[in-house]
Amino acid sequence: MSAMTAVSVEPFGLKWNGDGFEAGILALGKDLKRVPLDEVLDKANRVSKRKGAAGTGAFGSMKPKPVDWYCFDADDNATREWYPQGLTCASDAGAGGNVFVVSWYHDPSSGAERGIRLSFLDAASLRYRHVLLVTARADGNIAPINIHAGGVAWYGGLLYVADTARGLRVFDIRHVYEIDGDDKNTIGKKGGVHNAFGYRYVMPQTGAWVSTGTATFSFAAIDRTTEPDSLISGEYVDTPGKFGRVARWSLASDGSLRADAGGTASALDAYRLPETKIQGALSYNGTWYLSQGGGSTKNGTLVVVGDTIKKRPYPVGPEDLTCVRDKKTLWSVTEFAGRRVVYGVPL
């Protein structure tokens, strides 16, 4: 038995949309060099610090502290232009190595909208690099993607990025392109040269699972203990007395959602969340782990739901969830400026 209450899966319907993406990717491939993820990591230009002091500001009154954590560099920790939201890792993907992926959204109040990006962090080398996510057009042009990117999940070669009211956007780690311009203020193709706000690498969207129901998509995760493996997403709700929902979809061996002949993927199951302000959800061996926010100055809570509901101390500003299975650790990322850290606790 589980303390999670089952609800209808109907609001979580998703339909595949692959139209209009292939032409743009083909055009981009004619102009720019496609590079493997290993090259992006080998040329990572930012340095994180393991168990750095900068991360302890996020822990607040949390005791015990996380068993491990990685700090961003000073600029990324302090910026109010970009906010980390989603987290996934190589363990979700079934890939080797110890790589984390963080999704960030750009705050448009800080200036012109610059979309969303992913940070690829190699925990072995302690180096990371930002990659800008873009839409690629048939004429070879590129544009930013202006969404919240509240969650990210990596399975096989695919990355799923939560798109609140619209569903899930899909990206392929085998399609990363090296930009040939270096203008930090513009994006797009002009005079045969591509610019991307100064980013060296871009990853174009390759598809989308579009919502056909009323659910929202605030976070994302992978459960490798279901049969078959499943993708998780659900709703952030901060209205007192109202609770969000969470659902799982079965995954196919190619990384896509299992769908019917018409391209519709129905959720495997769905549940009402037992608490409000849930920023991330992960299921593992029948237990649910939920990260609950407490605001910008108050510690959050890790809600663990099995036969009963237990609450554990958590950092300030906890977001999306992932796990490193061989270490039996649960990981998240904190969002607030000056208190940003990727951290792990025991499952």
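Three exercises follow, each with a worked solution, on a predicted model.

**Exercise 1. Helix H1**

Task: Find the buried residues of helix H1 (residues 22-31), decide how they are arranged around the axis, and name what covers them.

Solution:
1. Start with burial. In helix H1, the buried residues are Gly 24, Ile 25, Ala 27 and Leu 28.
2. Check the arc. These residues span only 160° around the axis, so they sit on the same side of H1.
3. Recall helix geometry. An α-helix has 3.6 residues a turn, so residues three or four places apart point the same way.
4. Turn to the face directed away from the buried side. Glu 22, Leu 26 and Lys 30 are the exposed residues there.
5. Look for the cover. The buried residues of H1 are covered by elements including S10, strand S11 (142-144), strand S15 (176-178), strand S17 (193-196) and strand S18 (201-211).

**Exercise 2. Leu 87**

Task: Place Leu 87 in its strand, decide whether Leu 87 is buried or exposed, and list its contacts beyond four places in sequence.

Solution:
1. Locate the residue. Leu 87 belongs to strand S7 (residues 82-89).
2. Apply the cut-off. Buried means under 20% relative accessible area. Leu 87 has 0%, so Leu 87 is buried.
3. List the contacts. Neighbours within four places in sequence are set aside. Leu 87 then touches Phe 100, Val 101, Val 102, Val 152, Asp 320, Leu 321, Thr 322, Trp 331, Ser 332, Val 333 and Val 342.
4. Add a distance between C-alpha atoms. Ala 220 is 133 residues from Leu 87 along the chain, yet their C-alpha atoms are 8.3 Å apart.

**Exercise 3. Two pockets**

Task: Describe the largest pocket and the second largest pocket by volume, lining and residue class.

Solution:
1. Take the volume of the largest pocket. It is about 410 Å³.
2. Read its lining. The largest pocket has 16 lining residues, with Arg 46, Arg 117, His 130, Phe 197 and Tyr 199 nearest its centre. Helix H4 (74-78) and strand S10 (127-136) each give two or more residues to this lining.
3. Sort that lining by class. The largest pocket has 3 nonpolar, 4 polar and 9 charged residues.
4. Move on. The second largest pocket holds about 260 Å³ of space. Its lining has 17 residues, and Asn 98, Val 324, Asp 326, Lys 327 and Trp 331 are the closest to its centre.
5. Assign elements. Strand S6 (68-71), helix H5 (90-93), strand S8 (99-106) and strand S29 (329-334) each give two or more residues to the lining of the second largest pocket.
6. Sort again. The lining of the second largest pocket splits into 9 nonpolar, 4 polar and 4 charged residues.

Key
Residues are numbered from 1 along each chain as its sequence is written. This is a predicted model: local features need pLDDT of at least 70, side-chain atom pairs count only at pLDDT 80 or more; totals for chains, interfaces and linings use all residues. Side-chain values use heavy atoms; hydrogens and water are left out. On a 1 Å grid over the protein atoms alone, a cavity is a set of points where a 1.4 Å probe fits but cannot get out, and a pocket is an open set with protein on both sides within 12 Å along at least five of seven lines; lining residues have an atom within 4 Å of a point. Grid points are joined across faces, edges and corners, and a volume is the space filled by probe spheres set on the points. Ala, Val, Leu, Ile, Met, Phe, Trp, Tyr, Cys and Pro count as nonpolar, Asp, Glu, Lys and Arg as charged, and the others, Gly among them, as polar. Buried means under 20% relative accessible area, exposed over 50%, partly exposed in between (1.4 Å probe, protein chains only). Contact means heavy atoms within 4.5 Å. The arc is that of the directions from the helix axis to the C-beta atoms.
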